[in-house]
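Thanks for coming, everyone. I would like to walk through one structure today, and I will take it piece by piece, so please have the picture in view while I talk.

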Amino acid sequence: MSDTVIRVENLGKKYIIGHQKQQPYKTLRSAIAEGVYSLKGKLFKPFGKSIANPHQEEFWALKDVSFEIKRGDRVGIIGRNGAGKSTLLKILSRITEPTTGQIYINGRVASLLEVGTGFHGELTGRENIFLNGAILGMNKVEIRKNFDEIVAFAEVEKFLDTPVKFYSSGMYVRLAFAVAAHLEPEILIVDEVLAVGDAQFQKKCLGKMGDVAREGRTVLFVSHNMTTVESLCSRGIVLESGNLYKDSTASEAVKVYLEKSYELGQQLALIHRKDRTGNGRVRAASFRILNELKLEEKTLQSGKDYYFEIGYVNYIRTKISDVVVSLDFFDEKGNRVLLLRTNFTNHNLEINAEQGHILCGVKNLPLASGLYRFSIYITHGDKETFDWIEDAASAIVDGGDFFGTGSPGIPTHCKILVKADWYAT
Ligand SMILES: Nc1ncnc2c1ncn2[C@@H]1O[C@H](COP(=O)(O)OP(=O)(O)OP(=O)(O)O)[C@@H](O)[C@H]1O
Ligand SMILES: [Mg+2]
């Protein structure tokens with residue numbers, strides 16, 4: 001008897017893209033990010049990409065991917081935006097058909113993909129629990145056995161008899177996760193939905209996924225957070241532009257992925273990067289870090305003053321005001337450690353009609369030694385997302401004297417440096 005629960009052979013998925021009227025495909029992360037900015041995010045008309053490219057084009061989101069997953073494997077699937085992670089999970093969940101290749105699945109799959117898949121808006125929370133249970137092949141008795149636990153986990157007691165279309169996105173995800181994890185699937189597939197829950201709920205979900213795995217069930221988990229992948233997963237699969245780039249232990253996969261994205265960040269001018277979301281009406285074109293004399297620096301030092309410079313191109317060709325620019329700093333494990341954003345300090349910008357530079361000055365750089373990556377996020381107030389590039393660039397902080405005492409802090413323990421005053425009374 002084999003303990004293989006999933007076998008994927010030469011899997012490929014082709015999309016036809018470039019229909020003029022079609023709303024460009026949004027990845028889950030961009031949908032969530034836009035949701036934050038505009039709850040009625042679907043209102044704004046996409047611009048740019050779809051108009052620039054009226055022709056149909058074939059696009060392979062997955063190419064010739066093969067692997068095997070054994071019972072009890074906890075597999076982290078990692079890769080840059082657009083690498084094909086969600087596409088792979090959708091095929092494994094049978095939401096979409098592969099174009100080439102085969103999959104064999106041995107066991108009951110519960111998947112939690114994008115917010116909303118699997119739930120019926122007109123039905124109440126209670127009805128959706130029973131519906132999903134039935135889809136998973138469970139009878140009423142089995143579902144009832146888990147019902148109270150699902151409701152308690154999701155914290156939706158009061159809204160059980162409300163149609164889920166009235167749920168907030170947080171409630172929705174909580175219930176969806178609770179159902180997927182509690183209905184005793186043999187294989188649990190989760191696509192970084194946890195990003196929308198609050199920190200406490202995320203912790204609860206990760207704990208639950210750990211339990212599911214300990215019970216010998218199989219978990220496939222897509223995440224951009226390398227710390228989570230390393231702690232939760234035993235195995236790691238790295239996808240790169242639709243290809244399987246690495247299949248090994250979780251920690252080896254994380255290492256390879258981080259090295260690779262570091263190289264990429266160094267190589268490509270931002271304007272040529274394809275792995276970005278947003279409507280493209282304004283785009284980040286370049287990124288540099290300058291010292292206090294406005295000279296470029298490649299290696300930074302804790303405690304010094306710097307300018308982060310983002311070159312931009314404005315395709316609207318008129319001045320735009322109320323532009324929000326955000327620079328997110330991630331440590332080498334993918335944890336967001338610092339967030340600089342114009343609207344925190346009422347510094348939303350007016351940008352030129354053609355192109356120019358945005359400068360963000362930081363005094364006394366509060367980062368301990370280590371490698372950092374940056375994401376750049378540019379929006380028009382809360383109206384539309386112009387551009388979002390993850391891993392836009394990276395920089396190394398090496399040495400420096402933030403505290404003025406020669407102490408580097410403990411960079412392996414904590415990345416943020418703050419001078420504190422201490423008193424004993
Ligand atoms: N229905 C679709 N139609 C056209 N293109 C699609 C469709 N679904 C996905 N794609 C494209 O396939 C590629 C892979 O998308 P996928 O959602 O699998 O990426 P991902 O690795 O999950 O990215 P992210 O980390 O941003 O969630 C992307 O370039 C995406 O634009
Ligand atoms: Mg995805």
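The largest share of the shell around ligand 1 comes from helix H3, which gives three residues to it. Please keep in mind from the outset that what we are looking at is a predicted model. In that shell, strand E1, covering 4-17, strand E2, covering 57-70, and helix H3, covering 85-92, each supply at least two residues. Altogether 16 residues surround the ligand, and the closest of them are Gly82, Lys85, Ser86, Thr87 and His224. If we sort the shell by residue character, we find six nonpolar residues, seven polar ones and three that are charged.

Which atoms of the protein lie opposite oxygen or nitrogen atoms of the ligand? In the side chain of His224, an N or O atom is 2.8 Å from an oxygen atom of ligand 1. For Ala83 it is the backbone that takes part, with an N or O atom 3.2 Å from an oxygen atom of the ligand. Tyr15, in turn, places a polar side-chain atom 3.3 Å from a nitrogen atom of ligand 1. As for how far the ligand is covered, ligand 1 taken alone exposes 640 Å², and the protein buries 85% of that.

Let me step back to the chain as a whole. It has nine helices and 19 strands, and of its 425 residues, 48% count as buried. Among contacts between residues at least 6 apart in sequence, 73% join residues that are at least 24 apart. The chain exposes about 21100 Å², of which carbon and sulfur atoms supply 52%.

One helix that I would like to follow in more detail is H7, residues 199-214, which has 16 residues and reaches 23 Å from its first C-alpha to its last, close to the 22 Å expected at 1.5 Å a residue. Which residues of H7 are buried? They are Phe201, Cys205, Lys208, Met209, Gly210, Val212 and Ala213, and I would point out that a lysine is on that list. The cover over these buried residues includes strands E3 (74-78), E6 (187-191) and E7 (218-222), together with helices H5 (140-154), H6 (169-182) and H8 (226-232). Just after H7, Gly216 takes a positive phi of about 90°.

That brings me to backbone angles elsewhere. Most residues other than glycine have a negative phi. Glu184, which is not a glycine, nevertheless has a positive phi of about 50°, and its place is in the loop between H6 and E6. With a relative accessible area of 33%, Glu184 is partly exposed. Lys294 is also not a glycine, and its phi is positive at about 65°; this residue sits in the loop between strand E11 (282-290) and strand E12 (299-302). Lys294 counts as partly exposed, at 43% relative accessibility.

The loop between E11 and E12 also holds Asn291. Is Asn291 buried or exposed? Its relative accessible area is 9%, and because the cut-off for buried is under 20%, Asn291 counts as buried. What does Asn291 touch, leaving aside its neighbours within four places in sequence? Asn291 is in contact with Glu297, Asp305, Tyr306 and Tyr307.

Note on methods:
Residues numbered from 1 in each chain as written. Chains lettered and ligands numbered in written order. Predicted model: local features only at pLDDT ≥ 70, side-chain atom pairs only at ≥ 80, totals over all residues. Heavy atoms only, no water. Near = heavy atom within 4 Å. Polar contact = N/O pair within 3.5 Å; in protein donor to acceptor, adjacent residues only side chain to side chain. Areas by Shrake-Rupley, 256 points an atom, 1.4 Å probe, with all protein chains shown as cover. Helix = DSSP H or I, 4+ residues; strand = E, 2+ residues; numbered from the N terminus. Nonpolar A, V, L, I, M, F, W, Y, C, P; charged D, E, K, R; others polar. Expected span 1.5 Å × (residues − 1). Buried < 20%, exposed > 50% of the residue type's maximum accessible area, 1.4 Å probe, protein only. Contact = heavy atoms within 4.5 Å.
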